[in-house]
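User: Please give a close reading of one part of this model and then set that part in the context of the whole chain. State the criteria behind each term as it arises.

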Amino acid sequence: MARPTKAAEEKRSETARFRLTVAERAFLRAQADAAGLTETEFLRRRALGLPVRAASQRSDPALVSELNRIGVNVNQLARATHRGSDFTRYWREVGAKLESVLAHVVARDGA
């Protein structure tokens, strides 16, 4: 299934170009990496006055593992659903577990 077409006002069709020194580019890359963003997204957010937060350097291995398990379940359920199986009950269970894990992340990070 293809991604839905964006409305004309949502498409990013304009470009902005500017030149940097080698040192400025290295600084930009370092700042984008520290924020966990691509250079383009970092620049877009800074230029538009949107928040740029430092990426968390600590990953909770248990949380990563739990999110991975949820992702595997979602893929398995999606595959079965596309084959015609009815797994509505399991979708609700996976959704509830995902909400629980995300609540834990928000509480931990104070976001």
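Analyst: L98 counts as partly exposed because its relative accessibility is 31%, where buried means under 20%, exposed over 50% and partly exposed in between (1.4 Å probe, protein chains only). The model is a predicted one, in which local features need pLDDT of at least 70, side-chain atom pairs count only at pLDDT 80 or more, and totals for chains, interfaces and linings use all residues. Residues are numbered from 1 along each chain as its sequence is written, and side-chain values use heavy atoms, with hydrogens and water left out.

L98 belongs to helix α4, which runs over residues 88-109; helices are DSSP runs of H or I with at least four residues, strands are E runs of at least two, and both are numbered from the N terminus. Together with L67 and L102, L98 forms a nonpolar patch on the surface. The accessible area of L67, L98 and L102 together is about 220 Å², by the Shrake-Rupley method with a 1.4 Å probe and only the protein chains shown as cover for residues. Patch members have over 30% relative accessible area and no salt bridge; nonpolar side chains (Val, Leu, Ile, Met, Phe, Trp, Tyr) are joined within 5 Å, like charges within 9 Å. A salt bridge, in turn, requires a side-chain nitrogen of Lys or Arg within 4 Å of a carboxyl oxygen of Asp or Glu.

The salt bridges themselves can be followed from E66, a residue of helix α3. E66 is buried, since its relative accessible area is 16%. Leaving out residues up to four places away in sequence, E66 touches K97 and V101, a contact being heavy atoms within 4.5 Å. One partner of E66 in a salt bridge is R69, with a separation of 2.6 Å from N to O. E66 and R69 are both in helix α3, three residues apart, about one turn of the helix. R69 has a relative accessibility of 44% and therefore counts as partly exposed.

K97 is also a salt-bridge partner of E66, and here the closest N and O atoms are 3.6 Å apart. With K97 in helix α4 and E66 in helix α3, 31 residues apart, this pair links distant parts of the chain. K97 is partly exposed, as its relative accessible area is 39%. Elsewhere, R25, R29 and E39 are joined into one network by salt bridges that share partners.

Within that group, E39 forms a salt bridge with R25, and their closest N and O atoms are 2.7 Å apart. E39 lies in helix α2 and R25 in helix α1 (residues 22-35), so the pair ties together parts that are 14 residues apart in sequence. E39, at 22% relative accessibility, is classed as partly exposed, and R25, at 35%, is likewise partly exposed. The structure as a whole holds six salt bridges.

A further point of interest lies in the loop between α2 (39-48) and α3 (61-82), where A55 is found. A55 is partly exposed, because its relative accessibility is 27%. When neighbours within four places in sequence are set aside, the contacts of A55 are with A34, A35 and G36. For G36, the C-alpha to C-alpha separation from A55 is 5.1 Å, although the two residues are 19 places apart in sequence.

These details sit within a chain of four helices and zero strands. The order of elements along the sequence is α-α-α-α. The C-alpha trace spans about 55 × 35 × 20 Å along its principal axes. Of the 111 residues in the chain, 11% are buried, and E66 is one of the buried residues. The chain exposes about 9600 Å², of which carbon and sulfur atoms supply 54%. Among contacts between residues at least 6 apart in sequence, 33% join residues at least 24 apart.

To return to the starting point, L98 is a partly exposed residue of helix α4, and its patch partners are L67 and L102. Helix α4 also contains K97, which is linked by a salt bridge to E66 in helix α3.
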